[in-house]
Amino acid sequence: GSNAAWYEFDALITAVKGSYDSARYLLWKAFGDSRQSVPNSFERTLPLCKTIPATLRERLMRSWDQYGKQAREYRDCMQHYVPVDDGFASATLFPMGKYCGVFLLIPDNPEERSKKKFAYARKIDALNYARELTNEVFEMAREVVQACASISSRG
């Protein structure tokens, strides 16, 4: 059905938020204060990991700022406030040779949490956004695992 893409988008956004939150456990074990419990979010964990290498901290902060925050906003909006789509009305068809392509627009500003306030000036396509987000999360996770593995292999 026309809503299948939106169910998949919701699932992806939820998985992305979970991926960032799961990474905090590894980061805390490798770079945090073992006398304290793991902070309750990725965003709170990074500043408290005092021994994390500066390049990794900067890389992860950039990942969170450029991808994680907005993914969290989409998830919060969709799961707690309003859907970010209007079903198939959100789709824009365009010619691609003898076929048609489709854009599934998502709002630029999910933090507004209101269909009346959503803006679409950036013309963000859900599929392209999902692909970029997936690539970023896999890359971020790979770097976290590598950094934590190198710490545990040292001692």
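Two strands are taken to pair if DSSP finds at least two bridges between them. In the predicted model described here, strand S1, residues 91–96, and strand S2, residues 99–106, satisfy this condition, pairing in the antiparallel sense over six bridges. Within this pairing, Leu 93 has Val 102 of S2 as its bridge partner, Phe 94 is bridged to Gly 101 in S2, and Thr 92 stands opposite Phe 103, again in S2. The two strands form a hairpin with two residues between them, and Gly 97, in the turn, has a positive phi of about 65°.

The pairing of S1 with S2 belongs to a wider arrangement. S2 also pairs with S3 in the antiparallel sense, here over two bridges, and the bridge partner of Ile 106 in S3 is Ile 124. Together the strands make an open sheet of three strands in the order S1-S2-S3, with antiparallel pairing. S1 and S3 each have a single partner strand and stand at the edges, so one side of each is left without a neighbour in the sheet. As a general matter, strands of a sheet pair through backbone hydrogen bonds, either parallel or antiparallel.

The sheet is set within a protein chain that holds four helices and three strands, and the elements run α-α-α-β-β-β-α from the N terminus on. Taken along the principal axes, the C-alpha atoms of the protein chain fill a box of roughly 60 × 35 × 25 Å. Of the 155 residues of the protein chain, 41% count as buried.

The largest nonpolar core contains 35 residues, of which Phe 9, Leu 27, Leu 60, Val 84, Ile 106 and Tyr 129 touch the most other members. The elements that give two or more residues to this core are H1, helix H2 (42–48), H3, S2 and H4, and the largest share, nine residues, comes from H1. Ile 106 thus appears in two settings, being one of the core residues that touch the most other members and also the bridge partner of Ile 124 in S3.

Aromatic contacts form a further part of the description, with a count of seven aromatic pairs. In one of these pairs, the rings of Tyr 20 and Trp 64 have their centres 5.3 Å apart and their planes at 75°, and the pair is therefore edge-to-face, since planes over 60 degrees apart count as such. Tyr 20 lies in helix H1 (residues 4–31) and Trp 64 in helix H3, so the pair ties together parts that are 44 residues apart in sequence. Both residues fall under the 20% cut-off for burial, Tyr 20 being buried with a relative accessible area of 1% and Trp 64 counting as buried at 6% relative accessibility. Elsewhere, Trp 6, Phe 9, Tyr 74 and Tyr 129 form one aromatic cluster; of these residues, Phe 9 and Tyr 129 are also among the core residues that touch the most other members.

The largest pocket has a volume of about 150 Å³. Its lining is made up of Gln 66, Tyr 67, Gln 70, Arg 122, Lys 123, Ile 124, Asp 125, Asn 128, Tyr 129 and Glu 132, and the elements that give two or more residues to this lining are helix H3 (54–81), strand S3 (124–125) and helix H4 (126–154). By character, the lining residues divide into three nonpolar, three polar and four charged. Tyr 129 therefore has a place in the pocket lining as well as in the aromatic cluster.

The loop between S2 and S3 holds two residues with backbone angles that call for separate mention. Most residues other than glycine have a negative phi. Arg 113, found in the loop between S2 and S3, has a positive phi near 55°, and at 29% relative accessibility Arg 113 counts as partly exposed. Lys 123 has its place in the loop between S2 and S3 and likewise has a positive phi, near 50°, but Lys 123 is exposed, with a relative accessible area of 58%. Lys 123 is also one of the residues that line the largest pocket.

Terms used
Residues numbered from 1 in each chain as written. Predicted model: local features only at pLDDT ≥ 70, side-chain atom pairs only at ≥ 80, totals over all residues. Heavy atoms only, no water. 1 Å grid on protein atoms, 1.4 Å probe; cavity = no way out; pocket = protein on both sides within 12 Å on 5 of 7 lines; lining within 4 Å. Points joined across faces, edges and corners; volume = space filled by probe spheres on them. Nonpolar A, V, L, I, M, F, W, Y, C, P; charged D, E, K, R; others polar. Phe/Tyr/Trp six-rings, centres within 6.5 Å; stacked < 30°, edge-to-face > 60°. Buried < 20%, exposed > 50% of the residue type's maximum accessible area, 1.4 Å probe, protein only. Core = buried A, V, L, I, M, F, W, Y, C linked by side-chain atoms within 4.5 Å.
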